[in-house]
Amino acid sequence: MLLQKKTTRRKFLLGSLMALPVGTIMMKGLSAAQAAEMAAPDLLDYKPVFFSPDEWQFIMAAADRLIPAGGKGKAPGALETNVPIFIDQQMHGDFGEEIYMQGPFNVHAPATMGYQIPFRPQQIYKTGIRLANSWCQQNHQKDFHALSDQDKDNALTQLQKNGIRFADMGEESLVASQFFGELLSDTKHGYLADPIYGGNKGMKAWIAMGFPGARASFTEWVKQHNVPYPLGPVSLQGARA
Amino acid sequence: MAQVIKPEVDVVVVGLGWAGSLMSIELAMAGLTVRALERGGDRGYEEFAYPKPADEYAYAVRNKVMATPAEAAVTVRYNMSETALPTRKWGAFAPGTGVGGSGLHWTAVLIRPTPTDLKLKTYADEAYKPGILQEDMRIMDFPFTWDEIEPYYTKFEHICGQSGKTGNLRGQIMEGGDPFEGPRSEPYPLPALEDTLNSSMFAEVAKKMGYHPFPNPSACVSRAWINPYGNQIAPCNYCGYCSKYPCLNYSKASPQTAVMDALKRMDNFSYEVHANVLKVELHDDKKTAKGVIYRDAQGNECFQPAKIVVLSSFQFCNVRLMLLSGIGKPYNPITEEGVIGRNYAFLSNGGSTLFFKDKNFNPFATAGATGQMINDISPGNFDGPALGFIGGAKIHSSQATGTPISTSLPKGTPAWGTGWKEGMEEWYGHSMKISITTTCQSYRDIYLDLDPNYKDEYGYPLLRMTFDWKQNELKLQQYLKGIVGNITKELNPDSYSESFLPMDAHFDLTKYVSTHNVGGAVMGDNPKTSALNKFLQSWDVHNVFVPGGNAFPQNFQANPTDTIGAITLMAAQAIKDQYLKNPGPLVQA
């Protein structure tokens, strides 16, 4: 847990939670999941450790459009589940150190040859956000986060389809869809990964889907075909929901 | 740099995955002093206690127990005229590292090839008219008979606690097993895993269509098992974290669960981790090895003298070490001289994802190897000659994982936004797959060598793969598409999506296929076309043995681990019975 926010209450709750054996549910009238959710920082109070304030506004706004709140079901949105915190924590950590980074780089290689970018993901984000905001300024006289939802969706679609041409903006090593790909996959990972990484607050994405998390024992269930599994998820730290 | 000279041992083992751990225990049990050097870290049980492995992000996304590309990249190009590029991130494959190697994260499908798979060249010569097969194909027979290798399959399967249904017991075909399997001397040690819903649905339809479904043979043990080394393996609890994960229940046979416990207790065995072997040092006449040079955890260059050198690292690393050490002549694809790097092969996969609104598959309640498969479309079991290609596939419906990041969504579901979110909620747990795992033949211009441009952290060249799909494999894919399509229609899903290679496909490094990379230092009868004899002994340097997937002359449809285990055990037996008494070539060329 690398989360930066240091409220006394949160520290107390987290410390207590980590000491709980799996199966201990109630704590002063709160379920462990409720306690974990309370312990998770409020997104609006969170101070990013990797992203600058401008970049953070972009990440918050983009995550909100990639996984919006509302809709037909009960699935929460990226902001309700602290997805931006997940991305910030990952970029702040050892993310990308596993990539083989020796040159020469051929950024024009066919897509089937995989990642041939001379940047680690951290640089992809910094560059991508700067150029995306620059495109928004040119076209809308506003940064991305200040656009209407419709214009944000359009800008994201242009990134996804390389309609925003980074090369025309002086960036030869990266195309917009590569930045969009990193952003989208990290957003989904933050939404669906265990809450230990800072996203999926309260395991709400798992609850909506019906994924039981780290329960990891289904001897009696594997034989029961076409019967919905009745129990909610458990997290790596033993919270239940 | 000053070199640290280590005390001489009888055997130095390079890499401590399945091949290295099996070779270590077999030779240590024969009384030899054995020292294993492992590039990665130690990986003991305590690292895998529940709930740590139940973490999709760490293990399946961030590849927590795999080698990193930063330390183990290879370079790839489609043909000899291109400049190869490095695998900066893993995509199509992801080799393991550390104690246990790829035997720690494997899915544990423990299946034998058929007798025809092992004698593919003989079958091709008998069944195919000249000119039907591609001129540049270079398939070969494995250099042993079924009867020679069968006891070693049996032995390895007992080490793992293989769970499944016997199909052919000493020539007698058994109901419910695979009627195409080679005769077994003994039945499966343990009964099959339970079927999940998708497995039952697939098996029922396949049977109705005239195929012969059988449960995936598995090393996720279905019952408590004590193996021949005295190690205990716990019954699988279908936790849902298997492929890419160490087993939190100690139910998946791995070098840790099946070998290392007993091995670590032996006084004549020792091992060192973060010991990166750079080179095998040869005597001046190049006929024997003196030992190996490695970099230890502190960065010291060390020399480990040994009477026998076993290269048992991942297939790529074995081939690369041979090339870096000058063991055997490097392969030249123009003249076809030389053998190291020859006959590299990968494999392809594909299949259909079926979506059913009204079915709950509970995909998290599963073992990696859970499933049912058919072997009807493997070489010799269908009319390949009339179709103009050689090869085949196992066709299976497995449910290897049910973790959320890997969720499949129906065609047309948006990749993001409200539509994606609603799709996840609507379709998670409502899909099943029918998958193919195919053969892959070897070819004159598909090979491995040292890359001229890219180097590892020590300044040594990376291994270079020259690989792309050939017409034979693409024709096979198209044929399988038809079969899977028919099974799909019979299952009548609400919708489905297909993934098969089109006839103009190139190898796509971005999509995970498997880590069943084989060949490059293959076993054979002829030193002009093989690097190793049937006991995995280098033809050129007789005290070097090279067990691993590198020894396969082409890839069959069965998963490789059973065969890697069997050939390693056969080689260990030959070392014990023959080589120790009379060191020298075990097979006269």
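These legends go with close-up views of a predicted model with chains A and B.

**View 1. Where chain A meets chain B****.** Start with the contact itself: chain A puts in 72 residues and chain B puts in 62 residues. Put the two chains together and about 5,500 Å² gets buried, with carbon and sulfur atoms giving 61% of that area. On the chain A side, the residues that lose the most area to chain B are A:Tyr100, A:Met113 and A:Met209, which together make up 14% of what that side buries.

**View 2. Polar links across the interface of chain A and chain B****.** How many residue pairs are in polar contact between chain A and chain B? The count is 35, taking pairs with both residues at pLDDT 80 or more. Which elements of chain A give two or more residues to the side that touches chain B? They are helices H3 (53-66), H4 (83-92), H6 (149-160), H7 (176-192) and H8 (204-209). H7(A) hands over the largest share of that side, namely seven residues. Sorted by class, the chain A side comes out at 40 nonpolar, 21 polar and 11 charged residues.

**View 3. A salt bridge from A:Asp94 to B:Arg62****.** The whole structure holds 28 salt bridges, counting over all chains. One pair that crosses between chains runs from A:Asp94, in the loop between H4 and H5 of chain A, to B:Arg62, in the loop between H2 and helix H3 (69-72) of chain B. The closest N and O atoms of A:Asp94 and B:Arg62 sit 3.0 Å apart. Across the interface of chain A and chain B, the rule turns up two salt bridges.

**View 4. The six-stranded open sheet of chain B****.** Follow the strands across and you read S8-S16-S17-S18-S15-S21, with antiparallel pairing. Why is one side of S8 (214-215) and of S21 (495-499) in chain B left without a neighbour in the sheet? Both strands stand at the edges and have a single partner strand each, so there is nothing in the sheet on the other side. Further in, strand S16 (residues 371-374) and strand S17 (residues 393-398) of chain B run antiparallel and are joined by four bridges. For a spot to zoom in on, try B:Gln372, whose bridge partner in S17(B) is B:Ser397.

**View 5. The four-stranded open sheet of chain B****.** Here the order is S5-S4-S20-S19, and the pairing is mixed. Which strands sit at the edges? Those are S5 (85-86) and S19 (447-455) of chain B, each pairing on one side only. S19(B) is tied to strand S20 (residues 461-466) of chain B by five bridges, and the two run antiparallel. Within that pair, B:Leu450 has B:Leu463 in S20(B) as its bridge partner.

**View 6. Two annotated spans of chain B****.** UniProt, in an unreviewed entry, lists residues 231-343 of chain B as "domain: Glucose-methanol-choline oxidoreductase N-terminal". That span, residues 231-343, is 19% helix and 28% strand, and its end C-alpha atoms lie 37 Å apart. Also from an unreviewed UniProt entry comes "domain: Glucose-methanol-choline oxidoreductase C-terminal", given for residues 452-567 of chain B. Over residues 452-567 the chain is 24% helix and 15% strand, with 33 Å between the end C-alpha atoms.

**View 7. Backbone details in the loops of chain A and chain B****.** In chain A, the peptide bond joining A:Gly103 and A:Pro104 is cis, with omega at about 0°. You'll find A:Pro104 in the loop between H4 and helix H5 (121-140) of chain A. Chain B has a cis peptide bond from B:Tyr50 to B:Pro51, where omega is near 5°. The place to look for B:Pro51 is the loop between strand S3 (34-38) and helix H2 (56-61) of chain B. Back in chain A, what is phi of A:Gln141? It is near 60°, a positive value in a residue other than glycine. A:Gln141 belongs to the loop between H5 and H6 of chain A.

Terms used: Residues numbered from 1 in each chain as written. Chains lettered and ligands numbered in written order. Predicted model: local features only at pLDDT ≥ 70, side-chain atom pairs only at ≥ 80, totals over all residues. Heavy atoms only, no water. UniProt positions renumbered as here; feature names shortened; annotations may be inferred. Contact = heavy atoms within 4.5 Å. Buried area = accessible area lost by both parts, 1.4 Å probe. Salt bridge = Lys/Arg side-chain N within 4 Å of Asp/Glu carboxyl O. Polar contact = N/O pair within 3.5 Å; in protein donor to acceptor, adjacent residues only side chain to side chain. Nonpolar A, V, L, I, M, F, W, Y, C, P; charged D, E, K, R; others polar. Pairing = 2+ DSSP bridges.
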